[in-house]
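Subject: Handing over the two-chain model

Hello,

I am passing this structure on to you, and I hope you enjoy looking through it. Please open it alongside this message.

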Amino acid sequence: MNYCLELKNVCKFFGEVRALEDVNFRLGRNEVVGLLGDNGAGKSTLIKIITGYHQPTSGEIYFDGQPVEHLTVPKARQLGLETVYQERALAELQTLWRNIFLGRELSNSWGFLDVNKMKEETHRLMTRSMGFTSSAVSPESKVGKFSGGEKQGVAIVRALYFDAEIIVLDEPTMGLSLKETEKLLNFVRGIRAAGKSAIFIDHNIFHVYNVADRVVVIDRGRVAGEFQTKDISLDDLMAKMIKVAETGSLE
Amino acid sequence: MSSQVKPVTAEAYEPYKETFSLGKFARTYGSQLGIAGVFIALWIFFIVGEPRTFLSSQIYFAFMSTIPFFAIMALPLTMVVIAGEIDLSFPSIMAMGMITFMTMHGLTGSVGLAFLGALITGLFIGWLNGIIVVKFGIPSLVATIGTQFFWRGAVLVLGQGKSGSLVYTKASLVHPVLVGKLFGIVPMQMIWLIVIAAATWVLLNRHKFGAHIYLIGDNVNSAELMGINTGRTRILAFMLVGIVSAFAGVVASLHVTYFWPSLGDGQLLRTLASVFLGGTSVFGGVGTIFGTFIGAFIIGSIEAGTVAIGLTGFWTQLIYGFIIVLSVIMHTYVRRRME
């Protein structure tokens, strides 16, 4: 089976702290994988390695079966991976169009910006994908003014615009209202429907169980277990999670 | 009643049309309008207070001759502050550039090469500032206080504290190009100020570099997560301050055809004041070239204006302080209103 993303024996140490140890992780085509685990288990570190923000201390990363030597954020993007970060990675004092194109400004070969095109594209995304109909919001609006759900919308639309194959969502429901959360979960279902893959981290086991094909449990820097959601009931999954939190193993 | 059928065709949307409204204009450019207002108010105040001086062209040509010496440096400094850093070493860079200038001239006899040498020195010192801040993680405030002393010391040690005549530069083309008078009346340093202002405006507002400067100052974490090379951008910003400061040092020295080892002393606060007076936020992420440009002219004209309207020179600092505090309050108020 051809995986679109694979991590083999990945370790990440921050000095004395062993954030990740011997992690083997696979993401199949058109699959939504949920990443579950307690605070400090290593989920965010794993994500930051996948997205190229951190370099693994040891281990290998494969995109589409090809080994990738030195994965950086721009490289990960080139390989078709987009991320919606827990911290949203927005610049609050700046305008919407600057945030949508953060780090990927449309420019000519000399680096000069095509501001009009960026504003036009932002407007298009706003009306079509983000569903902003209010005239109070424009490409020039400062993002700091938006609600939690709107900011999340910006982060998601930004990831989608650049046509990713793999979308990573790190705690996307944090700070969202019920309605916004439902919108987000539908969005994740839509990713699968569109033939793409997603990695979805959330504390809330109900959210993850609802949208993921497979669940990977991380505990204390290691993969504690994996389950196909169709093979396990929500109650059993919850029981296993509690067991891991208490004893450190699934059995 | 049948349910609505959603059209299969792509949803139509209104193409983006930037509508102009006075309110929107005022909100977007509030800070810049504010400082322009302060400038105009001050100008009117001076004209009313002393019409003989301020309605004749002489004082304006004097301003055009002296203000550029520090205004030029305030422009790249604005970008450094927008990026969330600061540079206090630029007065020492002015002098250090001149040390290289005089050394190169001594070695090669060419004023042109000496000038180039000065610029490269500025670039190098700026790069070093950037490395200390980015690679060693020293806060730029502390780092550049240190380098300010270091390079001033280097100037004194290398130059043995001597001053020197630069009369020989008059023989070179470099002299009129840098400090001559266009059409016999417009000081070249003013032209250079306008050129550098235009170039920094384009860099900040129409280039990827400028976009990254704003993003880094706003939230360096977000910038990093989204793949911006924040280290490289900041080092480049320090290098720009370096090369422009060296340029300013040469211009200031050629203007008086003399090198003083204290070159730059006294420019620190004036230049910084211009940056903050112009609306640049000390927290980063906000600032404009226009604001700094106007700020420099406000700072540069207060001294002459105060004396011209009959107050003693003692009043100058009082008025500096008053205008600075007032303007910064205005900028903060405008920013809060925009939110």
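Below is what I found, going from chain A to the contact between the chains and then to chain B.

Please keep in mind that this is a predicted model.

**Chain A as a whole**

Chain A has 251 residues, and its radius of gyration is 19 Å; a compact globule with that number of residues would come out near 18 Å, so the value agrees. Along the principal axes, the C-alpha atoms of chain A fill a box of roughly 55 × 40 × 35 Å. Of its residues, 43% count as buried. If you look at contacts in chain A between residues at least 6 apart in sequence, 67% of them join residues at least 24 apart. For secondary structure, expect eight helices and 10 strands in chain A.

**A four-stranded sheet in chain A**

A good place to start is the open sheet of four strands, which has the order β2-β1-β4-β5 in chain A and antiparallel pairing. Its edge strands are β2 (17–28) and β5 (66–68) of chain A, each of which pairs on one side only. On average, neighbouring strands of this sheet are turned by 25 degrees against each other, direction ignored.

Within the sheet, strand β1 (residues 3–14) of chain A runs antiparallel to β2(A), and eight bridges connect the two. To find one of these spots on screen, pick A:K12: its bridge partner in β2(A) is A:L20. Helix α1 (residues 43–50) of chain A packs on the sheet and touches β1 and β2 of chain A. The direction of this helix makes about 60 degrees with that of β2(A).

**A covered strand in chain A**

Next, have a look at strand β6 (residues 81–84) of chain A. In a regular strand, side chains alternate between the two faces of the sheet. Both faces of β6(A) are covered: A:L81 and A:T83 are buried on one side, and A:E82 and A:V84 are buried on the other. β6(A) runs parallel to strand β7 (residues 166–170) of chain A, with four bridges joining them. There, A:L81 stands opposite A:I166 in β7(A).

**Where the chains meet**

The contact between the chains takes 29 residues from chain A and 23 residues from chain B. On the side of chain B that touches chain A, α11 (208–218) and α12 (220–225) of chain B each supply at least two residues. Which helix gives the most to that side of chain B? It is α11(B), with six residues. By class, that side of chain B has 11 nonpolar, seven polar and five charged residues.

**Inside chain B**

Two helices of chain B are worth a look together: the axes of helix α5 (residues 68–82) and helix α10 (residues 188–206) of chain B come within 9 Å and cross at roughly 5 degrees. α5(B) and α10(B) are therefore roughly parallel to each other. Among the residues that meet are B:F69, B:I72 and B:L75 from α5(B), and B:W192, B:L193 and B:I196 from α10(B). The residues of this contact divide into 13 nonpolar, two polar and no charged.

Finally, B:A26 is found in helix α1 (residues 22–28) of chain B. Is B:A26 buried or exposed? B:A26 is partly exposed, because 14 other C-beta atoms lie within 10 Å. Its C-alpha atom and that of B:L116 are separated by 43 Å, and the two residues are 90 residues apart along the chain.

Best wishes

Terms used. Residues numbered from 1 in each chain as written. Chains lettered and ligands numbered in written order. Predicted model: local features only at pLDDT ≥ 70, side-chain atom pairs only at ≥ 80, totals over all residues. Pairing = 2+ DSSP bridges. Axes fitted to C-alpha atoms, helices over the stretch in contact; angles between N-to-C directions. Contact = placed C-beta atoms within 7 Å. Rg over C-alpha atoms; globule rule 2.2 N^0.38 Å. Buried ≥ 20, exposed ≤ 12 C-beta atoms within 10 Å, placed from the backbone. Parallel < 35°, antiparallel > 145°, perpendicular 65-115°, else oblique. Nonpolar A, V, L, I, M, F, W, Y, C, P; charged D, E, K, R; others polar.
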